Amino acid sequence: MLQLLIKLREPLLETLLLTFIPLIISVVLGFLFGTLVFITSDAGILDVNASPGLRVLNRISDAIINILRSVPYLIILIWLLPVTKLLVGSIIGWKAAIPSLVVSATPFFARMTVIAFSEVPKGTIEASKALGASNFDIIFKVLLPESKPALLSSIAVTAINLISYSAMAGAIGAGGLGYEAYLYGLIRNNPPLMYMATLLIIILVFGIQYIGDIIVRKVDKR
Amino acid sequence: MISIRNVSKTFKGRRSVDAVKNVSLEIEDGEIFGIVGYSGAGKSTLIRLVNQLETADSGEICIDDVDITKLKGDALRKQRQKIGMIFQHFNLLWSKTVLGNIMFPLELAGVAREERKERAAEMARKVGLEDKMNVYPSNLSGGQKQRVAIARALVLNPKILLCDEATSALDPKTTEDILELLKQINKEYGLTILMISHQMETVQKICHKLAVMADGEVVEQGSVKDIFSNPTHPLTKELIQTVDTGVDVVKLASQLKDKYPEGHLLRITFEDSTSEKPILYTLALKLGIPINIVAANIKSTQAGSLGVMYINIEAKRDVEPFLAELEKQGLKVEVI
């Protein structure tokens, strides 16, 4: 038992790195991307009717989100290999999995951002405008705080998605608990290892969801 | 002074809607001006044109000689800070406390942190929320939420307050309180208030002047007194009819009692089926009792006609058989 855990120390660390590094990057990028989609929509922030260019921008960025969300992770991983080589300098190891994980999680979080912002009543945006808020104020002082609970639970969901993607990143030798369970546990027939690695993943997922829920409950003043 | 001159606004779409058609209005400083009309009349669009939440297709809206329709960017935002606005659904930030909500406009205007708190707290006291400052809006009643919204709208000392159906989501008692607060603020600060409502009753209570809108046009405007005593447009007449008589029943009864100290004073309430028949007349003839109608009001409502009548009968007459007969006919009678 203890030996198993010691053996899984490295994969656990890899899984944590493969989850939280892409998570931070994806949340930042996804937030910005989602904000772009939202403010160029009919939400009443930018005057879309006055400038048709904004509508086009909205359609294009929205389509990019949908396309990237449709492509299976493993395909993105392979497609991105040249870019990965350029960015990371290698196409194997856990670092090489990060660009593809970011590309998968960013559009997901962008969509979650759009949904979270859409839940802010139009009246709230209108009232802020009437008080003299600029578009920057509306995004960072109104939309962001008002959709905080939705955004925080989206972060938890995105983190959990990343855990499951990271198992597939094992294909390029990224390691991690998922790949450990698959390769050493299942293929090389070591059931205790397989169950223990899977159990660790389950604990990780529960932990993230649990902490996420606590934080959401704390910030939700509705 | 707000001068709205020949303003029009059309919403283009699959079916274009002419929301506001060539409207002109003059609202004097310190005046409470009401715009009444049914939903879809264009009042919401019109009030949103005043602070440019909607942009006009043509015409101009001058506030102290500055045409707000020509302003953009920072200049528009500065101008908006001089115009407070409150809404039917309050539109507070739920993530901020009462104090946080009231401080928000100050934050937007770049007021220093310590000063923000001070001014917001003062404003909270003004609207009677001194003991709720650190409470979140979700724990407030509708009336309290609207008080927060009023404090938020006034914390930058605007000269104008726009009220978009501000009492339509509130119960009658709370409506009364909020209207009273608005009236008090209008007096105290000389604040100009432009309010829209679909209820003539609300407008009539606190406005000095009013305009009636239908189909994007102003069909009638003038002082509340003139319009109520001499409505010309059919819609105005209709809207006035919907107003509850506005008479305080208890007060009326005591006045009548003073005026007719002798005799029996009765209040008779007619309902739909009974208001169309000449019951009272027939009965008076039959029993040979002369009746004196001293006050009366008949309203036609969705449910049919409703009427109240006060009659006086000489003291020497025995009213008991009269009362019994009326009851039998299905009328509600009270002896005052």
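Me: What makes a residue part of the contact between chain A and chain B, and how many does each chain put in?

Reply: This is a predicted model, and the test is purely geometric: two residues are in contact if their C-beta atoms lie within 7 Å. The contact takes 17 residues from chain A and 18 from chain B.

Me: Which elements of chain B supply at least two residues of the side that touches chain A?

Reply: Helix H2 (73-80), strand S6 (83-87) and helix H3 (98-108) each do. H3(B) gives the most, with 3 residues.

Me: What is the make-up of that side of chain B by class?

Reply: The side of chain B that touches chain A has 10 nonpolar, 6 polar and 2 charged residues. Don't be thrown by any Gly in the polar group, because Gly counts as polar here.

Me: Why is Gln52(B) called buried?

Reply: Gln52(B) has 21 C-beta neighbours inside 10 Å. The cut-off for buried is 20 or more, so Gln52(B) counts as buried.

Me: Where does Gln52(B) sit, and what does Gln52(B) touch?

Reply: Gln52(B) lies in the loop between helix H1 (43-50) and strand S4 (58-63) of chain B. Leaving out residues up to four places away in sequence, Gln52(B) touches Ile68(B), Thr69(B) and Leu76(B). As for Arg80(B), that residue is 28 residues from Gln52(B) in sequence, with 8.2 Å between their C-alpha atoms.

Me: What makes a set of residues a nonpolar core, and how many residues has the largest one?

Reply: The members have to be buried residues of the nonpolar types on the core list, joined through C-beta atoms within 7 Å. The largest such core has 131 residues, and Ile102(B), Ala151(B) and Leu194(B) have the most contacts inside it. Helix H6 (residues 94-118) of chain A gives the most to this core, with 15 residues. Apart from it lies another core, of 9 residues, including Ile268(B) and Tyr310(B).

Me: Which residues does Leu194(B) touch?

Reply: Skipping residues up to four places away in sequence, Leu194(B) touches Ile2(B), Ile27(B), Phe33(B), Ile47(B), Val50(B), Ile160(B) and Leu162(B).

Me: How is chain B divided, and what separates the domain centres?

Reply: Chain B has domain 1 (2-242) and domain 2 (249-335). Taken over C-alpha atoms, their centres are 43 Å apart.

Me: How many helices and strands does chain A have?

Reply: Chain A has 11 helices and 0 strands. Of its 222 residues, 41% count as buried.

Key: Residues are numbered from 1 along each chain as its sequence is written. Chains are lettered from A and ligands numbered from 1 in the order in which they are written. This is a predicted model: local features need pLDDT of at least 70, side-chain atom pairs count only at pLDDT 80 or more; totals for chains, interfaces and linings use all residues. Helices (H or I, at least four residues) and strands (E, at least two) are DSSP runs, numbered from the N terminus. A residue is buried if 20 or more other C-beta atoms lie within 10 Å of its own, exposed if 12 or fewer, and partly exposed in between; C-beta atoms are placed from the backbone. Domain bounds come from an automatic or database domain assignment.
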